[in-house]
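Let us take a walk through this protein together, one stop at a time. Keep the 3D view open and follow along as each residue comes up.

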Amino acid sequence: MSGQFGLLRKKRFGPFFATQFLGAFNDNLFKNALIVLLTFHAAHWTTLKPELLANLAAGVFILPFFLFSATAGQLADKYDKAMLARLVKVLEMAIMGVAAVGFFMTSLSVLLGALFLLGCHSTLFGPVKYAIMPQHLREDELVGGNALIEAGTFVAILVGTLAGGLLAGSVAHPAWIAVGGFIVALAGYLASRGIPVAPPPAPMLTVNLNPLSETWRNIAFARQNRTVFLSILGISWFWLYGALFLAQFPAYAKFVLGGGESSVTLLLATFTVGIGVGSMLCERMSGKHVEIGLVPFGSIGLTLFGVDLYFASPVGLAGTTPHELLALLSIPDVWRVLFDLMMLGVFGGFFIVPLYALVQLRSSPEHRARIIAANNILNALFMVVGALGAAAMLGEGLSMPALFGIAALLNAVVAVYIYGLVPEFLLRFVAWLMVKAVYRLRTSGLENIPHEGAALLVANHVSFADAVVIMGASPRPIRFVMDYRIFKTPLLGFVFRHCGAIPIAPTKEDPVMMETAFAEVGRALANGDLVGIFPEGGITRDGEIQPFRPGVTRILQANPVPVVPMALSGLWGSFFSRIDGAAMKTPFRRGVFSDIALRVGAPVPAAAATPDHLHAKVLALRGERR
């Protein structure tokens, strides 16, 4: 994981990370300090009930996301994002000045106004926060960068919440809360001055100040790419799911665990650490590229541990007086609860980090900030709906553990729905399991696969699993041309049918299918897709690479695209291969966890990509004949 932490030392990421961390910290410091102050000293400020004030404060803070996200997205596409980050920090310092006035005047309306302005501050910074990373980070750094941002955000929320509570209870005059917030804002401004220039992708954009029409327009930009839009829906669902759990921690700690304030902190810290661990593991588990196969893995964990939290929640612990923290930690059931919360955080990291990176990578650059703004609006909407739904169910007498269980089951329903609409998530998960859990895959030369545009990938054919292995290693989806008989296999056939594979049959068996396959390959390449073929025409029975057939020449004559040679080794003799008994040198098939390798060569121009030349390239890449 040293690679992603190394980003913190780079000027193109470190100052930006510090800026966003301090901003998230300050938001939660002020918000929680205000809530604690109003909860325990409400009579000095208003006649409203403390629980109503807490919900009012939360609503005031989130309202700007609905009102100004569309405008914020336009500004981030029109102006330099580094400049906007600095202006947002100046605004943050001014907001702390407004808060100081509110504290001196003992004015609840002024303080809520300052909280509203802090919400505006976060709203303006949101599109900058996620749209700037693809400009300063390479594709193989996006996952690590997003992991650091997500982990840092949750740590900032935790530390800011704790600091706000401590500050509210320890200062002689509440105005010191504003002073503390101003110091943090100043530190954020100083950090922002180190952010490198991030030129705007649409400097001629005319800003539309109508939030309703612009919101619909931003959502329309997001909907232009189906995968991006459904990723945004997935992100929004995660924030609903996570916010639902976080909102119940105080009441859960008191009425289910029977603990005090320290137990609330323990629950929040456990969940936050889990998010951080899961986020940090994403880079290693994804091989430094955007691995959306981790998303289904994350959703499985979010469901399983959410359901287990329902069963793990103890009954009868709450009493007339709260338990001490050490007393709670002596109870085995409490440790199971903490483990579930930790794993919810870990799998939440697996779920959210690849989705954010995917949205950044596949969004149109000139619309990226506005698509992020649409994401922020939907995030806020989902969280509000989730809060209202949870309040309604709890109001009808549903227990908090049962609420967690229902949310976990709904998570499974949402996951199945999204993966049904975009099978790429599920297919990448199958491929990821194959190359991570079944075999140990070593790769080299993956940077030779074009990040955009059409290309023809050619590889030797060793086993039925070759296409799955290559899909799992490739940073982009690939449409494979393969023998129609493979489509009849129960598991692999399902995978290939749903990832757009192109079935082909020999001319003597089905000439119509043959011609249909070549026509579909032409359409795929014309659309800028990657197409993969196995030019040998069949799986090797003895481990040798057979001569390449002339189909590749026919494809390139109609579509002169670059050709990327690939060499697979280690799968011959496995469960998925065909084996000629006379040629097999060992009495046992290769088992799971065997080492396999994929070597990718430099692209070959279409004019030079003859079958013999490509055959020689693949042989050279493999380095041996077996």
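Start with helix H10, which runs over residues 226-255 and so holds 30 residues. From its first C-alpha to its last, H10 reaches 43 Å, close to the 44 Å expected at 1.5 Å a residue. Keep in mind that you are looking at a predicted model. Just ahead of the helix sits Asn-225, which caps the N-terminal end of H10. A side-chain oxygen of Asn-225 lies 3.0 Å from the backbone nitrogen of Thr-227. Now travel along the helix to Phe-249, where you will find a kink of about 45°. The proline Pro-250 comes shortly after that point. Is H10 mostly covered or mostly exposed? Mostly covered: 21 of its 30 residues are buried.

From here, turn to the interior. In soluble globular proteins, nonpolar side chains tend to be buried together. In this model, the largest nonpolar core has 98 residues. Which of its members touch the most others? They are Phe-13, Met-133, Tyr-252 and Leu-344. Helix H14, spanning residues 332-362, gives the most to this core, with 17 residues. A second core, separate from that one, has 36 residues, among them Ala-455, Val-462, Met-482 and Cys-499.

Pause at Leu-344 and look at what surrounds it. Setting aside neighbours within four places in sequence, Leu-344 is in contact with Tyr-241 and Phe-245, and also with Phe-271. The list of its contacts goes on with Gly-301, Leu-302, Phe-305, Gly-306 and Leu-309.

Next, find Asn-26 in helix H2, which covers residues 14-40. Asn-26 has a relative accessible area of 0%, so it counts as buried. What does Asn-26 touch, beyond residues up to four places away in sequence? Its partners are Glu-92, Met-96, Gly-181, Val-184 and Ala-185.

Lys-129 is another stop inside a helix, this time H5, which runs from 108 to 131. Is this lysine, Lys-129, buried or exposed? Lys-129 counts as buried because its relative accessible area is 12%, and the cut-off for buried is under 20%. Apart from neighbours within four places in sequence, Lys-129 is in contact with Phe-16, Gln-20, Ile-149 and Thr-153. Val-604 lies 475 residues away from Lys-129 along the chain, and their C-alpha atoms are separated by 39 Å.

The loop between helix H4 (81-105) and H5 holds Thr-106. Its phi is near 50°, a positive value in a residue other than glycine. With 38% relative accessibility, Thr-106 counts as partly exposed.

Another threonine, Thr-265, is found in helix H11, residues 261-286. Thr-265 is partly exposed as well, its relative accessible area being 30%. Although Leu-162 is 103 residues from Thr-265 along the chain, the C-alpha atoms of the two are separated by 7.7 Å.

Finish with the cysteines. How many disulfides does a search of the whole structure find? The search finds zero. Two cysteines are worth a look: Cys-120 counts as buried at 11% relative accessibility, and Cys-282 counts as buried at 0%.

Key:
Residues numbered from 1 in each chain as written. Predicted model: local features only at pLDDT ≥ 70, side-chain atom pairs only at ≥ 80, totals over all residues. Heavy atoms only, no water. Helix = DSSP H or I, 4+ residues; strand = E, 2+ residues; numbered from the N terminus. Expected span 1.5 Å × (residues − 1). Bend = angle between axes of the 7 residues up to and from the residue. Buried < 20%, exposed > 50% of the residue type's maximum accessible area, 1.4 Å probe, protein only. Polar contact = N/O pair within 3.5 Å; in protein donor to acceptor, adjacent residues only side chain to side chain. Core = buried A, V, L, I, M, F, W, Y, C linked by side-chain atoms within 4.5 Å. Contact = heavy atoms within 4.5 Å. Disulfide = S-S within 2.5 Å.
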